[in-house]
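Please look over the sequence and the structure shown here, and then read the short report that follows.

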Amino acid sequence: MIGKNAAEAVPLIVQVGKSNPSYQVKRYCCEALSMICSNVDSAAIDFIQDVLLNTKTDSFAPSNQQKDADHARYMAALSLCRLASSTNIAVGPLKEALYKDSNRYVNGFALLALKMLGTEESVIVVDEYTNKTGGYCLKTSVDDPW
């Protein structure tokens, strides 16, 4: 939380996150990167986007492992919201998480990050999604709000 004063740690945090198989380590690395500064390098953004899209378990994994993977993706999406002012964030991974992730909170933070990016491409994705869903996530409706 000391911001730019910790910027020299960014490469080490990315290396630790990439090399460690623990979903909890990946989660905390994403969080740390997003709290250092809004202009982290592209390697950090790539790492966070990789966690967002590729931190998943199979359906036979223990529930605590599934929960850890869900929370890592959740934190990756939240981290991309925090870093939305960065020009290195790609719309594609956020759009994929918005439509395909099984966790509604990941979907919500992906939508928020797209909105906060404010690029022409991200605004189109946000508009299409909200028009398609009527303001609800794909897992929520008037009939099933939970």
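A polar contact is a pair of N or O atoms within 3.5 Å, where, within protein, one must be able to donate a hydrogen and the other to accept it, and residues adjacent in sequence count only if both atoms are side-chain atoms. Such a contact caps the N-terminal end of α6, where a side-chain oxygen of Asn-103 lies 2.7 Å from the backbone nitrogen of Tyr-105. This is a predicted model, in which local features need pLDDT of at least 70, side-chain atom pairs count only at pLDDT 80 or more, and totals for chains, interfaces and linings use all residues. Residues are numbered from 1 along each chain as its sequence is written, and side-chain values use heavy atoms, with hydrogens and water left out.

The protein has seven helices and zero strands, these being DSSP runs numbered from the N terminus (helices H or I, at least four residues; strands E, at least two). Of its 146 residues, 42% count as buried, a term that means under 20% relative accessible area with a 1.4 Å probe and protein chains only.

Helix α6 has Val-106, Asn-107, Phe-109, Ala-110, Ala-113, Leu-114 and Leu-117 as its buried residues, and these pack against the four helices tabulated here, with contact meaning heavy atoms within 4.5 Å.

| Helix packed against by α6 | Residues |
|---|---|
| α3 | 42-54 |
| α4 | 63-82 |
| α5 | 91-100 |
| α7 | 120-133 |

After α6 comes Gly-118, whose phi is positive, near 70 degrees.

Note on methods:
Buried < 20%, exposed > 50% of the residue type's maximum accessible area, 1.4 Å probe, protein only.
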